[in-house]
Amino acid sequence: MNEQIRAREVRLVGPEGEQVGIVPLERALQLAADVDLDLVEVAPMARPPVCKLMDFGKFKYESALKAREARRNQQQTVIKEMKLRPKIDPHDYETKKGHVVRFLKAGDKVKVTIMFRGREQSRPELGFRLLRRLSEEISELGFVEASPKQDGRNMIMVLAPHRATKAAAVAATAAGAKPAREPREGDGTEVPAAPADTTAD
């Protein structure tokens, strides 16, 4: 920028994007001073380098605003985890399915893990059946991104929200909607929902 530029001549672009042409560096610096702007090298690898007349302080400020807005609108991919047992109680299953639904509605992916113990390891079809049932029951909100597969004593499936579901979550966040919360047992208060730490006994 300005006196830091080392080229002998530059291809000059005016403040409104107009092409001035190739001029000596001293001439470009004089033109910048005449209009109280900075001479900024925007394409240093070009021959000759391309420089533009601009208010560099204002440019940096607007760039920072745009970057901050982009980060605010960016929806980071979060993967929640839900653990189940192959012989899970119907009530527990509905509770855990409710968590999965809530995660998907929030725009998050969900890793569903079936944990096998003892003789259950010889009955993988129980896990497949349970995961298939879950994927069918939440099909309006999400889809199976990674099909069920055996991983040691566990069977894992990954669910992802449909594009429309995620878009609704992003819109709700942008509108200032509060994240989903769930009550803590026993005290009647609300606390932020923790990543699924629910494991059926």
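This passage walks through the fold, starting with the overall make-up and then taking the two sheets in turn.

The model is a predicted one. The protein has 5 helices and 10 strands. Its chain counts 201 residues, of which 32% come out as buried. As for how the chain folds back on itself, take the contacts with a separation of 6 or more: residues 24 or more positions apart account for 57% of them.

Moving to the sheet built from E1 to E4, what is the order of its strands? Reading across, the order is E2-E1-E4-E3, in an open sheet of 4 strands with mixed pairing. The edges belong to strand E2 (19–24) and strand E3 (38–43); each of these has a single partner strand, so one side of each has no neighbour in the sheet. From one strand to the next, the twist averages 35°.

The pairings can be followed residue by residue. E1 and E2 run antiparallel and are joined by 5 bridges. Glu9 has its bridge partner in E2, namely Pro24. The two strands form a hairpin with 5 residues between them, and there Gly17 takes a positive phi near 90°. Over at the E3 side, E3 and strand E4 (residues 50–54) are also joined by 5 bridges, and this pair runs antiparallel. Here Asp38 is matched with Met54 of E4 as its bridge partner. Helix H1 (residues 25–34) packs on this sheet and touches strand E1 (9–13) along with E2, E3 and E4, its direction making about 125° with that of E2.

Ahead of all this sits Glu3, in the segment before E1. Is Glu3 buried or exposed? With a relative accessible area of 60%, Glu3 is exposed, because the cut-off for that label is over 50%. Glu3 also lies 7.9 Å from Leu29, C-alpha to C-alpha, although the two are 26 residues apart in sequence.

The other sheet, with E5 to E8, is again open and has 4 strands, this time in the order E5-E6-E8-E7, and its pairing is mixed. E5 and strand E7 (142–151) stand at its edges with a single partner strand each, so one side of each is left without a neighbour in the sheet. Ignoring direction, neighbouring strands here are turned by 20° against each other on average.

Strand E6 (residues 109–115) makes a good place to look into this sheet. E6 is mostly covered, with 5 of its 7 residues buried. On one hand, E6 pairs with strand E5 (residues 79–84) in the parallel sense, over 6 bridges. Within that pairing, Lys80 has Val110 of E6 as its bridge partner. To get from E5 to E6 the chain goes through helix H3 (residues 90–105), and the resulting β-α-β crossover is right-handed. On the other hand, E6 is joined by 6 bridges to strand E8 (residues 154–161), and these two run antiparallel. Ile114 is bridged to Met155 of E8, while Met115 has Asn154 of E8 as its bridge partner.

Two helices cover strands of this sheet. H3 lies across E5, E6, E7 and E8 and runs at about 170° to E5. H4 packs on the sheet too, touching E5, E6, E7 and E8, with its direction at about 10° to that of E8.

How do these helices sit against each other? H3 and helix H4 (residues 124–137) pack with their axes 11 Å apart, at an angle of about 50°. An angle of about 50° falls outside the ranges set for roughly parallel, antiparallel and perpendicular, and H3 and H4 are therefore oblique to each other. The crossing in which H3 passes H4 is right-handed. On the H3 side the contact is made by Tyr93, Glu94, Lys97 and Val100, and on the H4 side by Leu130, Arg133, Leu134 and Glu137.

How values were computed:
Residues numbered from 1 in each chain as written. Predicted model: local features only at pLDDT ≥ 70, side-chain atom pairs only at ≥ 80, totals over all residues. Heavy atoms only, no water. Buried < 20%, exposed > 50% of the residue type's maximum accessible area, 1.4 Å probe, protein only. Pairing = 2+ DSSP bridges. Right-handed = clockwise from strand over helix to strand, strands pointing away. Axes fitted to C-alpha atoms, helices over the stretch in contact; angles between N-to-C directions. Parallel < 35°, antiparallel > 145°, perpendicular 65-115°, else oblique. Left-handed = near helix turned anticlockwise from the far one by under 90°. Contact = heavy atoms within 4.5 Å.
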